[in-house]
Amino acid sequence: IEQVLGWVAGALAAVFAIPFGVIRLMRRRKCPQCRKQMRWVRPQDELPFLSDLEALEEKINSVDHRVWFCDPCQAAHIEHAKRLFSSHRDCPQCKRRTLSQKHRTLVMATTTHTGTREVTLLCVNGSCRHTEVKTETVPRVTASSSGSSSSGGSSRSSSSSFGGGRSGG
């Protein structure tokens with residue numbers, strides 16, 4: 001089931017994200033200084049135009065920076081698009097999308113008791129290094145979740161019964 005869901009999500013992303021991204025790139029930009037046409041700088045060539053923090057966001061895949069360059073007047077224009085599926089968030093201190101999050105289980109949740117986990121937020125921006133550590137309550141494990149795993153086992157045996165039925169038919 002996970003493979004099918006992954007395939008469906010990938011197909012939807014391709015159907016919706018790629019055409020809009022291509023349309024956005026195809027749209028011509030005029031230079032704000034001289035009003036001439038700007039050219040799009042390919043991702044592998046954009047690093048010299050980015051600040052250190054923009055390059056960091058690119059490296060950790062939290063923000064996609066698109067660079068447009070005007071050859072006549074040497075002006076650069078940078079567009080910023082937050083990546084939807086990034087594991088990084090906006091840092092409350094430096095305001096860059098460089099905040100990572102790690103979880104550590106302190107007490108496992110069971111069907112009878114809640115659990116506890118430690119959440120560490122750390123900004124990977126070397127000039128900021130904002131850090132927060134907090135604890136969160138993890139909800140009890142519900143009885144239905146263990147029932148669904150046994151249901152999954154029953155699904156497997158019905159699948160093999162179904163397979164046997166096909167070969168007998």
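This briefing walks through the fold, the sheets, the cores and a few individual residues of the structure above. Please keep in mind that the model is predicted. The protein chain has 3 helices and 6 strands, and along the sequence these elements follow the pattern α-β-α-β-β-β-β-β-α. Two open sheets of 3 strands are described here, one in the order E1-E2-E3 and one in the order E4-E5-E6.

**The chain as a whole**

- Of the 169 residues in the protein chain, 22% are buried.
- The protein chain exposes about 12,000 Å², and carbon and sulfur atoms supply 57% of that area.
- Take the contacts between residues at least 6 apart in sequence: 41% of them join residues at least 24 apart.

**The sheet E1-E2-E3**

- Pairing in this sheet is antiparallel.
- Its edge strands are E1 and strand E3 (76–82), each of which pairs on one side only.
- From one strand to the next, the twist averages 30°.
- E2 and E3 run antiparallel and are joined by 7 bridges.
- To see this pairing residue by residue, look at Asp 64, which stands opposite Ala 81 in E3.

**Helix H2 against that sheet**

- H2 packs on the sheet and touches both E2 and E3.
- The direction of H2 makes about 125° with that of E2.
- The buried residues of H2 are Leu 56 together with three glutamates, Glu 54, Glu 57 and Glu 58.
- E2 and E3 are among the parts that cover these buried residues of H2.
- Just after H2 comes Asn 61, with a positive phi of about 60°.

**The sheet E4-E5-E6**

- This sheet also has antiparallel pairing.
- Strand E4 (99–107) and strand E6 (131–138) are the edge strands, and each pairs on one side only.
- Neighbouring strands here are turned by 20° against each other on average, direction ignored.
- There are 8 bridges between E4 and E5, which run antiparallel.
- If you would like one pair to find on screen, Thr 105 has Arg 117 in E5 as its bridge partner.
- As general background, the strands of a sheet pair through backbone hydrogen bonds.

**Nonpolar cores**

- The largest nonpolar core has 6 residues: the three cysteines Cys 91, Cys 123 and Cys 128, plus Leu 99, Val 119 and Leu 121.
- Strand E5 (residues 115–123) gives the largest share of this core, 3 residues.
- Val 119 touches Gln 101, Lys 102, His 103, Glu 132, Val 133, Lys 134 and Glu 136, leaving aside residues up to four places away in sequence.
- A second, separate core has 5 residues, including Met 38, Trp 68, Cys 70 and Ala 75.

**An aromatic pair**

- The count comes to 1 aromatic pair.
- That pair is Phe 49 and Phe 69, whose ring centres are 5.3 Å apart.
- The ring planes of Phe 49 and Phe 69 stand at 50°, so the pair is tilted.
- Phe 49 lies in the loop between strand E1 (39–41) and helix H2 (52–59), while Phe 69 belongs to strand E2 (residues 63–69), so the pair ties together parts that are 20 residues apart in sequence.
- The two rings have contrasting surroundings: Phe 49 is partly exposed, with a relative accessible area of 27%, whereas Phe 69 is buried, at 8%.

**Loop residues with positive phi**

- Most residues other than glycine have a negative phi.
- Which phi does Gln 74 take? Gln 74 has a positive phi of about 65° although it is not a glycine.
- Gln 74 sits in the loop between E2 and E3, and at 53% relative accessibility Gln 74 counts as exposed.
- Arg 129 is not a glycine either, yet has a positive phi of about 55°.
- The place to look for Arg 129 is the loop between E5 and E6, where Arg 129 is partly exposed, with a relative accessible area of 45%.

Technical notes:
Residues are numbered from 1 along each chain as its sequence is written. This is a predicted model: local features need pLDDT of at least 70, side-chain atom pairs count only at pLDDT 80 or more; totals for chains, interfaces and linings use all residues. Side-chain values use heavy atoms; hydrogens and water are left out. Rings of Phe, Tyr and Trp (its six-membered ring) pair if their centres lie within 6.5 Å; planes under 30 degrees apart count as stacked, over 60 as edge-to-face and the rest as tilted. Helices (H or I, at least four residues) and strands (E, at least two) are DSSP runs, numbered from the N terminus. Buried means under 20% relative accessible area, exposed over 50%, partly exposed in between (1.4 Å probe, protein chains only). A nonpolar core is a set of buried Ala, Val, Leu, Ile, Met, Phe, Trp, Tyr and Cys residues joined through side-chain atoms within 4.5 Å. Contact means heavy atoms within 4.5 Å. Two strands pair if DSSP finds at least two bridges between them. Axes are lines fitted to C-alpha atoms, for helices over the stretch in contact, and angles run from 0 to 180 degrees between N-to-C directions. Accessible areas come from the Shrake-Rupley method with a 1.4 Å probe; for residues, only the protein chains shown count as cover.
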